[in-house]
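Work through the exercises below with the model open. Try each task before you read its solution.

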Amino acid sequence: MDAESANKTGKPTDILDRLGKRSLVFVGLMGAGKTAIGRRVAQVLGLQFVDSDHEIEAAARMSIPDLFESYGEAEFRSLERRVISRLLKSGPQVIATGGGAYMNEQTRRAVARNGVSVWLNADLETLLERVSRRQNRPLLQNADPAEVLQKLMDERYPFYANADVVVMSRDAARETIADEVIDALAAHLAKRKFRRGSGS
Ligand code: S3P
């Protein structure tokens, strides 16, 4: 669905009404496509898009690899939590988070309060193919990326699985996946409204 035909269906208007001030928060592993798909969804919905990794880099005035190198992962995680908490205060917008962000309990609670979470699920093969295109991920620098990603899938997928909306990311056009996110989001928001309306 392109932006124009989406408007004709009235879906974005409906979604925006139901979202209110909540942001759409993309979670999922490195290489799942959170930035590419998130940007596209934001465009269709007419919302601002923001990438938490970029905001962290702007706040720290250094790249994520340099942050890890100079201050360590714990400092990065602390900054990540604070940046996402700040971003959630200026919804509605579409926020793509770094792969580890949703592992923080405070962040999960803040997202539940001020957002609707979208997990871009993906299999190992898809993730590996995507992360091999860039060398900007400290967690994948010093070891076998397949092994690291598999371990992160085992650790993180049970948490991501609690997201409000789950869509399978795969080797398909970003427009296709973005449409699926919008459909799943519309279904999720409609369900919530029905529950409220029915008084249960
Ligand atoms: C990380 C994912 C990265 C970035 C950092 C750590 C992770 O973001 O935040 O390198 O712990 O999975 P992307 O998921 O956008 O690559």
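**Exercise 1. The strands**

In β3, which residue is the bridge partner of V25?

Solution. This is a predicted model, where local features need pLDDT of at least 70, side-chain atom pairs count only at pLDDT 80 or more, and totals for chains, interfaces and linings use all residues. Residues are numbered from 1 along each chain as its sequence is written, and side-chain values use heavy atoms, with hydrogens and water left out.

Step 1. Find the strands. Helices (H or I, at least four residues) and strands (E, at least two) are DSSP runs, numbered from the N terminus. β1 covers residues 23–27, and β3 covers residues 94–96.

Step 2. Check the pairing. Two strands pair if DSSP finds at least two bridges between them. β1 and β3 run parallel and are joined by 3 bridges.

Step 3. Read off the partner. V25 is bridged to I95 in β3.

Step 4. Look at the β4 pairing. Strand β4 (residues 115–121) is parallel to β1, with 5 bridges between them. Here L24 stands opposite V116.

Step 5. Carry on to β5. β4 and β5 run parallel and share 4 bridges. N121 has M168 in β5 as its bridge partner.

**Exercise 2. Strand faces**

Sort the side chains of β1 and β5 by the way they point, and state which are buried.

Solution. Buried means under 20% relative accessible area, exposed over 50%, and partly exposed in between (1.4 Å probe, protein chains only).

Step 1. Take β1. S23, V25 and V27 point one way, while L24 and F26 point the other way. All of these residues are buried. That makes 5 of 5 in the strand.

Step 2. Take β5 (residues 165–168). V165 and V167 share one face and are buried. V166 and M168 point to the other face and are not buried.

**Exercise 3. The largest pocket**

Describe the lining of the largest pocket: how many residues, and from which helices?

Solution. Step 1. Fix the term. On a 1 Å grid over the protein atoms alone, a pocket is an open set of points where a 1.4 Å probe fits, with protein on both sides within 12 Å along at least five of seven lines; lining residues have an atom within 4 Å of a point.

Step 2. Take the volume. It is about 980 Å³, counted as the space filled by probe spheres set on the grid points, which are joined across faces, edges and corners.

Step 3. Count the lining. There are 42 residues, and G31, T35, D51, R134 and R137 lie nearest the centre.

Step 4. Assign the helices. α3 (34–45), α4 (52–60), α5 (64–87) and α9 (174–197) each give at least two lining residues. α3 has the largest share, with 7 residues.

Step 5. Split by type. The lining has 15 nonpolar, 11 polar and 16 charged residues. Ala, Val, Leu, Ile, Met, Phe, Trp, Tyr, Cys and Pro count as nonpolar; Asp, Glu, Lys and Arg as charged; the others, Gly among them, as polar.

**Exercise 4. The ligand**

Which residues are closest to the ligand?

Solution. Step 1. Count the surroundings. A residue is near a molecule if one of its heavy atoms lies within 4 Å of it. 13 residues surround the ligand, and the closest are K34, D53, R77, R137 and R156.

Step 2. Find polar contacts (a pair of N or O atoms within 3.5 Å; within protein, one must be able to donate a hydrogen and the other to accept it, and residues adjacent in sequence count only if both atoms are side-chain atoms). The side chain of R156 has an N or O atom 2.6 Å from a ligand oxygen. For the side chain of D53, the distance is 2.7 Å. G99 uses a backbone N or O atom, at 2.8 Å from a ligand oxygen.

**Exercise 5. Single residues**

Place S52, R61 and P92, and note the backbone geometry at R61 and P92.

Solution. Step 1. S52 sits in helix α4. S52 counts as buried because its relative accessible area is 0%. Its side chain reaches the backbone nitrogen of G98 at 3.3 Å.

Step 2. R61 lies in the loop between α4 and α5. R61 counts as exposed because its relative accessibility is 77%. Its phi is positive, about 55°, although R61 is not a glycine.

Step 3. P92 lies in the loop between α5 and β3. The peptide bond from G91 to P92 is cis, with omega near 5°.

Step 4. Set this against the usual case. Most residues other than glycine have a negative phi, and most peptide bonds are trans.
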